[in-house]
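Biologist: I would like to learn how to read a structure, one feature at a time. Where do we begin?

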Amino acid sequence: MKKFALIAAVLFAVATLASAQMDMPKDKSKRPSPPASAECKFSSGKTIKMDYSSPRAKGRKIFGAASEKALVPFDEIWRTGANEATTFVADTNLTVGDKAVAAGSYTIFTIPKAESWTFVISKKTGEWGTDYAGEKEDLVRVPMKVSKTAAPVENFTIAFDQAGGQCTLRMEWENTRASVEIVGK
């Protein structure tokens, strides 16, 4: 009888958890790190679009040494956002930094450091967040410039500054801005 009661309790718990998962809001805007996007339209009409999830700082230390318990430790691959992996879709060939990138769909990662970042464009797509496939799947790695923001940035933000045939991709969070130049062809 005790075994039956234990099995019944476990099945009830599993059913309750499964039901709760199915009742999760399908509206991604209700997530703690809601979806966001950034787009740059070149003078040719071609575009780059990035879809990402925008986590909030919430008083946490964001970038820094692992010993500082930073959310994003220096010198480690970062999924560059939250939830699903950040996508990078271009309908034209590009030069990112000094590297050629063919039109297509990619996943973005970064490697933050105090004085510089590395922008990683991965050929593997469809990952959930932290599933970095490794360097063998990297299309390119490009250095990013790093500077301080004028004021603290609560919401992780990806944006483009467009000028003619060039876009500056910038990422901002906490007190850090990382940027890289992108030229459309």
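Modeller: With a pair of facing residues in this predicted model. Leu94 lies opposite Val101, a residue of β7.

Biologist: How many bridges join β6 to β7, and how do the two strands run?

Modeller: Strands are taken as paired when at least two bridges are found between them. Here β6 and β7 are joined by three bridges and run antiparallel.

Biologist: What is the order of the strands in the open sheet?

Modeller: Reading a sheet means following its strands from neighbour to neighbour. This one has nine strands, in the order β1-β2-β5-β8-β9-β10-β11-β6-β7, and the pairing is antiparallel. The edges are β1 and β7 (99–101); each has a single partner strand, so one side of each lacks a neighbour in the sheet. On average, neighbouring strands here are turned by 35° against each other, with direction ignored.

Biologist: Which residues have the most contacts inside the largest nonpolar core?

Modeller: A core of this kind joins buried nonpolar residues through their side-chain atoms. The largest one has 34 residues, and Phe88, Val96, Phe119, Met171 and Ile182 have the most contacts inside it. Strands that each supply at least two of its residues include β5 (86–90), β6 (94–96) and β9 (116–122). The strand that gives the most is β11, with seven residues.

Biologist: What is Phe88 in contact with, leaving aside its neighbours within four places in sequence?

Modeller: Its partners include Val96, Phe119 and Ile182. Among the others are Leu94, Lys49, Gly104 and Ser105.

Biologist: Now the charged groups. How many salt bridges does the count come to?

Modeller: Seven. The test is a distance between a side-chain nitrogen and a carboxyl oxygen, with a limit of 4 Å. Arg141 and Glu135 meet at 3.9 Å, N to O. Arg141 also forms a salt bridge with Asp138, where the closest N and O atoms are 2.6 Å apart.

Biologist: Are Arg141, Glu135 and Asp138 buried or exposed?

Modeller: Compare each relative accessibility with the limits: under 20% is buried and over 50% is exposed. Glu135 counts as exposed because its value is 57%. Arg141, at 28%, is partly exposed, and Asp138, at 12%, is buried.

Biologist: Which residues are joined into one network by salt bridges that share partners?

Modeller: Asp161, Arg170, Glu172 and Arg177. Within this group, the side chains of Glu172 and Arg170 meet at 3.5 Å, N to O. Glu172 has 11% relative accessibility and therefore counts as buried.

Conventions: Residues are numbered from 1 along each chain as its sequence is written. This is a predicted model: local features need pLDDT of at least 70, side-chain atom pairs count only at pLDDT 80 or more; totals for chains, interfaces and linings use all residues. Side-chain values use heavy atoms; hydrogens and water are left out. A nonpolar core is a set of buried Ala, Val, Leu, Ile, Met, Phe, Trp, Tyr and Cys residues joined through side-chain atoms within 4.5 Å. Buried means under 20% relative accessible area, exposed over 50%, partly exposed in between (1.4 Å probe, protein chains only). Helices (H or I, at least four residues) and strands (E, at least two) are DSSP runs, numbered from the N terminus. Contact means heavy atoms within 4.5 Å. Axes are lines fitted to C-alpha atoms, for helices over the stretch in contact, and angles run from 0 to 180 degrees between N-to-C directions.
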